[in-house]
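Thanks for coming, everyone. Let me put the model on the screen and walk you through it.

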Amino acid sequence: GDWSCEVVFMMVYEGERVAEVVTGNVLVDELHRDSISITILYGSGGGGHKASAFALRDVFSASYPSSSIHLYDASKIVQAGFGDSLYNWLIQHSLSNVMPLLYSIVSILQPIITKQHIHLIKQFFLSQNTSTPDLVVSFVPFLNSALCEALPNTKHITVITDFTTSQAHPWMQHPRQILCCGTTTLYNQALALGYNSERVFRLSGMIVRPEFYQSSNTSMPEELISIQNTLPDSRDQERGRLTFLLLFGGAPSTQLVETAAYSLAFSAKVSHNVVCICGYNGELLQKLTKKAEAMQSNSSESHGRLIAVGFRQDIASFMSHCDVICTKPGPGVVAEALVVRKAALILLVPNGEVMPQERAVLQWVKNEGVGIVVNSIDELCAISREQIQNSVKKMLQMGVNRAVYELTEIVYRVATNNPVPPLNTERELTHKHYLNTVLSRNPLMLQHDASQLATLRFL
């Protein structure tokens, strides 16, 4: 098809070295795909851990269908579900400033808690009446020392879903961990802590679900179609009106998001259309729905449209068909926006207050210039179209993130005792899996990258 011709162009563009990729001289050898058993663990504090875990499951099961994959909520295994629920409740009620205190308490109690966790993990796997997994892939902090001690004969990969590790939010806890790092900072932290470089892999970014790579060709959500149909004569463009996507996780802050949504749609100097993803926050969904209905009954062309929806699976489609993504400095949502590359990224950080694990994300976005950071609702409403355009330009200059496909290859090779090609902090890993599986099975993804062929590096 047409897309296969683009593949050939891409290979030739980089010159002779990349031509060797076509002949297979620099690709990994074909692996014998035996059936293996992999256990993936995620947490329920926020949505990033679970989304990353499911991304690996989807890509791995498609690539190695004979493998056995089991997903478990690690919080339930160690009976820490209350902690995750408390975390989500604090975020929903704008009390994230309490999190450092809770992290400090957990850090002090860690030695005692770890002993209990080891016992509970052993009990859990004994109760499954199955053989011990070949490999455990952890997407959670805090528990990795207990996992390594409870399962001494099982390989252990930790996929770090933050930009850094810290005492408040620890990921690097045991010498037997194999670490997959999405940032150079994490990679350097691991080496500084004494991890052998053969046990540390620098991925090309954070783990992002496959559908975000195909978002350019997804259909527009009905909610956005309804906004477009409101003003069919394009008067939105004449007024400089944009469509904002408010996306603040599975349990967004009611007060913050409600105020931001109302201000953008009805109070700003240039009002905008707003789509708010309320997640599991039913109170926020109810409040915004009532406000939207009330404002619509008093409709004015000077107002934008406000639409609130609950938990959705098609976030990639929303991102692809909006002009601006307004969110918190979460590593997952920032990575998703940078894969989609269709909407400007705005991080709303009231008074500059963020949780410890989000500080590195905020600083990285500032340093790279791929997003706009605002500290108040007033700053958010004053964002100019020029700022948004400059942000998107910076975003398009970023390297390509293929982390979920890189991770798939690493997991398989570790589980089957095959060597993993060395990764360099400044290089992207070449994968036969990526070339053969991702591009050949997903031509839509190639179309997504077609405009950036000149910057797509394989070596």
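Start with strand 8 and strand 9: they run parallel and are joined by 4 bridges. This is a predicted model, by the way. One bridge to look at involves Ile277, whose partner in strand 9 is Val309. Strand 9 covers residues 306-309, and both of its faces are covered. On one side sit Leu306 and Ala308, on the other Ile307 and Val309, and all of them are buried.

Now step into the loop between strand 8 (273-277) and helix 12 (282-297). That is where you find Tyr280. Is Tyr280 buried or exposed? It counts as exposed, because its relative accessibility is 62%. What does Tyr280 touch, leaving aside neighbours within four places in sequence? Gly250 and Phe311. The C-alpha atoms of Tyr280 and Phe311 are separated by 5.9 Å, while the two residues are 31 apart along the chain.

Next, strand 11, residues 344-348. 5 of its 5 residues are buried, so the strand is largely enclosed by the rest of the structure. Again both faces are covered. Ala344, Ile346 and Leu348 are on one side. Leu345 and Leu347 are on the other. The partner here is strand 10, residues 324-327, which runs parallel to strand 11 and is joined to it by 4 bridges. Look for Thr327: it stands opposite Leu347.

Helix 14 gives a similar picture. It spans residues 331-340, and 9 of its 10 residues are buried, so it too is largely enclosed by the rest of the structure. The buried ones include Pro331, Val333, Val334 and Ala335. Note that Glu336 is also on the buried list. Just after the helix comes Arg341, with a positive phi of about 60°.

On to the open sheet. How many strands form it, and in what order? There are 6, in the order 2-1-3-4-5-6, with parallel pairing. The edges are strand 2 and strand 6, and each of these pairs on one side only. Neighbouring strands are turned by 20° against each other on average, direction ignored.

Zoom in on the strand 6 edge. Strand 5, residues 177-181, runs parallel to strand 6, and 3 bridges join them. Cys180 stands opposite Phe201 of strand 6 there. Helix 8, residues 184-192, lies across both strands, at about 165° to strand 6.

Towards the other edge, look at helix 3, residues 48-63. It lies across strand 1 (37-42), strand 2 and strand 3 (135-138). Its direction is about 160° to strand 1.

Now the packing. The largest nonpolar core has 67 residues. Val137, Phe139, Ile157, Ile207, Leu245, Met319 and Val411 have the most contacts inside it. Which element gives the largest share of this core? Helix 18, residues 403-415, with 9 residues. Take Val137 and set aside its neighbours within four places in sequence. Its contacts then include Ile38, Ile40, Leu56, Ile157 and Val411. There is also a second, separate core of 33 residues. Ala308, Ile372, Leu380 and Val392 are among its members. We met Ala308 already, as a buried residue of strand 9.

Last topic: aromatics. The structure holds 10 aromatic pairs. Take Tyr72 and Phe124. Why is this pair called edge-to-face? Because the planes are at 80°, with ring centres 4.8 Å apart, and over 60 degrees counts as edge-to-face. Tyr72 is in strand 2 (68-73) and Phe124 is in helix 6 (99-127), so the pair ties together parts that are 52 residues apart in sequence.

Phe124 counts as buried, because its relative accessibility is 17% and the cut-off is under 20%. It has another ring partner, Phe125. That pair is edge-to-face as well, at 5.2 Å centre to centre and 85° between the planes. Phe125 is buried too.

Two more stops. Phe60, Tyr64 and Tyr412 are linked by ring pairs into a cluster. And Lys291 lies over the face of Tyr262, 4.5 Å from the ring centre.

That's my tour. Questions?

Technical notes: Residues numbered from 1 in each chain as written. Predicted model: local features only at pLDDT ≥ 70, side-chain atom pairs only at ≥ 80, totals over all residues. Heavy atoms only, no water. Phe/Tyr/Trp six-rings, centres within 6.5 Å; stacked < 30°, edge-to-face > 60°. Helix = DSSP H or I, 4+ residues; strand = E, 2+ residues; numbered from the N terminus. Buried < 20%, exposed > 50% of the residue type's maximum accessible area, 1.4 Å probe, protein only. Lys NZ or Arg CZ within 6 Å of the ring centre and 35° of its normal. Core = buried A, V, L, I, M, F, W, Y, C linked by side-chain atoms within 4.5 Å. Contact = heavy atoms within 4.5 Å. Pairing = 2+ DSSP bridges. Axes fitted to C-alpha atoms, helices over the stretch in contact; angles between N-to-C directions.
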